[in-house]
Amino acid sequence: MARKKSVPDMFDVVIAGGGYVGLSLAVALKQGDASLTCAVVDPKPMEDLHKDPRASAIAAAASRMLSQLGIWQKIDGEAQPINEMIVTDSKLRDAVRPVFLTFGGEATEGEPFAHMMPNGVMMPALYKAAKALGVIFFAPGTADSFRSHPDHVELTLEDGALLKSRLLVAADGVRSRLRDLAGIRTVNWDYGQSGIVTTVKHERPHNGRAEEHFLPAGPFAILPLPGNRSSLVWTEKTADADRLVRSDDFTFELELERRFGHHLGTLELDGPRRAYPLGLKLARDFVKPRFALIGDAAHGIHPIAGQGLNLGFKDVAALAEVLVNARRLGQDLGAFDVLERYQRWRRFDTFQMGVVTDVLNRLFSNDNDVLRAVRDFGLGLVDRMPGLKTQFIKEAAGFAGPVPKLLSGEPI
Ligand SMILES: Cc1cc2nc3c(=O)[nH]c(=O)nc-3n(C[C@H](O)[C@H](O)[C@H](O)COP(=O)(O)OP(=O)(O)OC[C@H]3O[C@@H](n4cnc5c(N)ncnc54)[C@H](O)[C@@H]3O)c2cc1C
């Protein structure tokens, strides 16, 4: 790769991975301190980001951060607020699905606890903001290997280009190559399940209601999108998910309808379908000297609570706050004691969410009648306890625990 004009010999921060998490860290750092030099490396051409057909549930705390970064106000017209959430638990053949739990949808008055946002809207907005702030992109470009030195780190890209920086941040997703190269071990297991993601159009309006149906193979989530459309996250055993994704439209739609039901009228597929293998992967360490993990590179969790990306946004807010404060104090951004502040802040919270999603998935993804009776009793109990429901909403909105400034909607 030809050396780009005005590329510094030494960056302050190089981020490997320009997904949601890597891009928002780049924006947060440059907004926190414009003099900080920052590069992002990603194998995807950034011009194609609008083609991502998926959508993500963005918790209220994350929208506050994106507002503070000047992104949310540009795209909120494309977001669908989640006004209400219902939970059911039944067998596939049950004619009626009793609702065991309902949540009203506000984190604070007038502030929905989450929005659904198309990835193809938010990713380009993050990229544009990063470019405008002077972040340098090596995309398409792939991080291949790195070496740490006492005062810097050298990242080699697949095309042989060499980038030097004070700190290397790995935001390269759940199968992070850099995490493995850093020798960071993970707590790791496969659920034997995959999440099928697709979009449907339906005849009747959803009124901003999200639905989570616990079926024997796992959760089937219907998440409202603008218009009469919904995004689906449909969990099945991996072999069944692969078979469904490969099946013809008629078979797929038939199986879809059995799970979706008829309450929103006739259904029509409105996008591609893809299955994502699901597992739990928690990094034992989040940092090493001159190296930090964020997002799925640090923690891949089950999507049962729609919290994976929101955990990643919390990492972004915490790491940006730690680094910008260190910069203001004239400290070395790659020093281990600086990075340890980030690790202390984020590791326990992440581990807790990993355990919660794991237990929920084990409890709900089965066809055991005794377990079903116990869990339905539990859901019914929660439904009658407003205090507990308020706590769950706070958790889902991303406001539990020590919240970094950006997630509270404050500047760093
Ligand atoms: C079925 C499903 C549904 C989900 N739904 C939700 C939801 O509703 N809400 C929510 O909060 N979370 C959800 N999640 C989780 C969410 O998708 C992830 O947590 C989120 O995508 C993580 O973002 P990331 O930027 O850390 O990683 P990724 O999105 O995986 O991005 C990693 C980036 O790194 C790049 N990369 C890879 N290798 C290299 C390399 N060697 N060098 C440089 N770059 C590299 C990739 O190209 C990519 O751009 C869901 C997950 C699944 C599987």
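Guide: Helices (H or I, at least four residues) and strands (E, at least two) are DSSP runs, numbered from the N terminus. Residues are numbered from 1 along each chain as its sequence is written, and side-chain values use heavy atoms, with hydrogens and water left out. This is a predicted model, in which local features need pLDDT of at least 70 and side-chain atom pairs count only at pLDDT 80 or more, while totals for chains, interfaces and linings use all residues.

Visitor: What follows helix H2, and what is the sign of its phi?

Guide: After H2 comes Gly70, with a positive phi near 80°.

Visitor: What makes residues such as Ala60 and Leu66 in helix H2 count as buried?

Guide: Buried means under 20% relative accessible area, as against over 50% for exposed and partly exposed in between, using a 1.4 Å probe and protein chains only. In H2, residues 60-68, Ala60, Ala61, Ala62, Ser63, Met65 and Leu66 are buried.

Visitor: How many aromatic pairs are there?

Guide: Rings of Phe, Tyr and Trp (its six-membered ring) pair if their centres lie within 6.5 Å, and planes under 30 degrees apart count as stacked, over 60 as edge-to-face and the rest as tilted. The count by this rule is 7 aromatic pairs.

Visitor: Why is the pair of Phe11 and Phe138 called edge-to-face?

Guide: The centres of Phe11 and Phe138 are 6.4 Å apart and the planes make 85°, so the pair satisfies the limit of 6.5 Å and the angle is over 60. Since Phe11 belongs to strand E1 (residues 11-16) and Phe138 to strand E10 (residues 136-138), the pair ties together parts that are 127 residues apart in sequence. Phe11 and Phe138 are both buried.

Visitor: How do you know that Phe220 and Trp234 form an edge-to-face pair?

Guide: Their centres lie 5.7 Å apart with 65° between the planes, so the distance is within 6.5 Å and the angle is over 60. Phe220 is in strand E16 (residues 218-225) and Trp234 in strand E17 (residues 229-237), so this pair ties together parts that are 14 residues apart in sequence. Both Phe220 and Trp234 are buried, and ring pairs link Phe220, Trp234 and Phe252 into a cluster.

Visitor: What makes E1 and strand E13 paired strands, and which way do they run?

Guide: Two strands pair if DSSP finds at least two bridges between them. E1 and E13 (residues 162-170) are joined by 5 bridges and run parallel, so they meet that rule. Within this pairing, Val13 stands opposite Leu167 in E13.
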